[in-house]
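Biologist: I'm new to reading structures, so please take one part of this one and go through it slowly with me. I'd like to hear how that part fits in with what surrounds it.

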Amino acid sequence: MTFVRVIIATVAAAALTAHPQSAAAPSVQVLRNTLVDAQAVYFVSYDGLVNQATFQQDGILTHGAHQYAAWYTADRSAMIARRAYAGAAQPGPWQTVKLPHRLTVNDSHNVISLGVSRQDGRLHVAMDTHNSAVHYVRSAPGLIAAQNAPAWTLSQFGPVQRALDGVALGDITYPQFLATPEGRLQLSYRTGGSGNGTNELAEYHNGAWTRLGRWQSASGTYTTAHGTSTTRNMYLHGLDYGPSGRLHAAYTWREGNFGVVCSAGGISNHDTGHVHSDDRGRTWKTRDGATAAVTGTGTQVSIGTPNQVVDPLNPDHALMNQEAQAVDSQGRPHVLISYVPGRFTQCVTDFAAGRRAYARNFHLRQLADGTWRKVEVTVPLQAFGRSRLVLDARDNAYVIMPGGRIVAASAASGWTDWTLRYDAAGLNAFGEIDVDDSAARTTGVISLAYQERSTGTTPSPLRVLDVRLLG
């Protein structure tokens, strides 16, 4: 039985302006554009940049009185920076520190992710990994203190490690930090590879890391009209705690056997799933309350887990992995996905070209009764890559598309009045945008980190655009 009701929104896109006056959807206001690095490393890999990937969680974040950012500069060194930041008020200058590590390979998977452990005031850095041991650094305690923060110098950071303070993870990909409601820090990561990998969790508490273990299985059988696959991996759209402390994980599956796809030029991503945890990622449940996984045991979310798929879609539509999710003020998850709708074709023969020509974003949200509603974002994607989803204090939704365009919809409309609110003219941004929405609900301001388009391996400016949400 399908628990999704599909609604295709019909509101036309507004004129290309930051402040159209006619539509009911919320608008935005650009506050400022600041230069972070005039010469950031630049190369295109997997159609993306290593400094700008929506799945970083997080490459830029706000905590207390400061905003923090991370990237690789022209000589490939890992950089971290902070600035005094209070949303709409004029921020201070960026203060930078060059870490003693250089990017090892031209691979856009090898992003830098930042996390904050509130219990001891440390900044954590995980970087430069794709099916390899992580490069990990943590700061001295108290560095991210809200008041009287220590000087921003290299001496505040420990050595680069290949484990989490002695806790070995093996070869991993996609390290993503998230903070629990009580201030512990968790790390999500994938072991194994694309098409045959598993998701795991580790947790930092009282100054030490613990490996919680695996909660997703790669095994099971998946069959289409084109073939059968027996391995896969789960690509997360994010991990986010809601106001009640419930942890949400939305995802898509990728099969190890591309023979399940209608064309060799396609990709084996299929279906959108969702599970949740009420005990900080130890136990995972589906929408009907059934246990889907117990982390660190043999009970794991798998392709065969009942009621884990919330939006069925076969692999023939160029569904993107690792898109976006958010949780609203009522604790209900919202998920952003993108693919080529069937009205254009039932078989995408070129994943990248098909997405650029025909892909659309879709907004999914869970209703109070546990069912899901789906609405098409009516503004065409016109890009290969991923978008980000942000909710403001009133639960209005903002989609930040590749290149920096911003599309918005109001909660009052049921998130159906999607309207282009910022066309990003003049940004010259390449690809995906890394978004800091840490303070979106308190200050109403988000920050968009982006890198200017270049050619070959010529370094280019890395910038941050601060935007007020006018919901």
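Modeller: Let's begin with a rule: two strands count as paired if DSSP finds at least two bridges between them. Keep in mind, too, that this is a predicted model. The part I've picked is the largest pocket, along with the strands that line it.

Here's a pair to try the rule on. Strand 3 (60-63) and strand 4 (residues 66-72) are joined by four bridges, and they run antiparallel. One spot to look for is Thr-62, which sits opposite Gln-67 of strand 4. In general, strands of a sheet pair through backbone hydrogen bonds, and they can do so in a parallel or an antiparallel way.

This pair belongs to an open sheet of four strands, ordered 3-4-5-6, with antiparallel pairing. Strand 3 and strand 6 (95-102) are the edges; each has a single partner strand, so one side of each has no neighbour in the sheet. On average, neighbouring strands here are turned by 20° against each other, ignoring direction.

Now for the pocket itself. Its volume is about 1,200 Å³, and it is the largest pocket of the model. There are 44 residues lining it, and Asp-58, Ala-179, Asp-240, Asp-437 and Ser-438 are the closest to its centre. Sorted by type, the lining has 22 nonpolar, 14 polar and eight charged residues.

Which strands supply at least two residues each to that lining? They are strand 3, strand 7, strand 11 (172-179), strand 17 (232-241), strand 23 (324-327), strand 27 (388-391) and strand 31 (434-436). Strand 17 gives the most, with six residues. You've already met strand 3, so let's visit strand 7 and then strand 11.

Strand 7 is part of an open sheet of three strands, in the order 7-8-10, again with antiparallel pairing. Strand 7 (112-117) and strand 10 (135-138) are its edge strands, each pairing on one side only. The average turn between neighbouring strands in this sheet is 15°, direction ignored. Between strand 7 and strand 8 (residues 122-127) there are six bridges, and the two run antiparallel. To find your place on screen, look for Gly-115, which stands opposite His-124 of strand 8.

On to strand 11, which I'd like to linger on. Is it enclosed by the rest of the structure or left open? Seven of its eight residues are buried, so strand 11 is largely enclosed by the rest of the structure. "Buried" here means under 20% relative accessible area.

Strand 11 has strand partners, too. Strand 9 (residues 130-132) is joined to strand 11 by two bridges, and they run antiparallel. Strand 12 (residues 185-193) is joined to strand 11 by six bridges, also in the antiparallel sense. Thr-173 is a handy landmark: His-130 has Thr-173 as its bridge partner in strand 11, while Thr-173 also stands opposite Arg-190 in strand 12. Strand 11 and strand 12 make a hairpin with five residues between them, and Gly-183 in the turn has a positive phi of about 100°.

Strand 11 also brings us to some aromatic rings. A pair of aromatic rings is described by how far apart the centres are and by the angle of the planes. The model has 13 aromatic pairs. In one of them, Phe-177 and Trp-209 are 6.4 Å apart from centre to centre, with 45° between the planes, which makes the pair tilted. Phe-177 lies in strand 11 and Trp-209 in strand 14 (residues 208-214), so this pair ties together parts that are 32 residues apart in sequence.

How accessible are those two? Phe-177 has 3% relative accessibility, so it counts as buried, and Trp-209 is buried as well, at 5%. Trp-209 also forms a tilted pair with Tyr-204, at 5.3 Å centre to centre and 55° between the planes. Tyr-204 is buried, as is Trp-209. Put Tyr-136 with Phe-177, Tyr-204 and Trp-209, and you have one aromatic cluster.

So when you click through strand 11, look for two things: it supplies at least two residues of the lining of the largest pocket, and its Phe-177 belongs to that aromatic cluster.

How values were computed. Residues numbered from 1 in each chain as written. Predicted model: local features only at pLDDT ≥ 70, side-chain atom pairs only at ≥ 80, totals over all residues. Heavy atoms only, no water. Axes fitted to C-alpha atoms, helices over the stretch in contact; angles between N-to-C directions. 1 Å grid on protein atoms, 1.4 Å probe; cavity = no way out; pocket = protein on both sides within 12 Å on 5 of 7 lines; lining within 4 Å. Points joined across faces, edges and corners; volume = space filled by probe spheres on them. Nonpolar A, V, L, I, M, F, W, Y, C, P; charged D, E, K, R; others polar. Buried < 20%, exposed > 50% of the residue type's maximum accessible area, 1.4 Å probe, protein only. Phe/Tyr/Trp six-rings, centres within 6.5 Å; stacked < 30°, edge-to-face > 60°.
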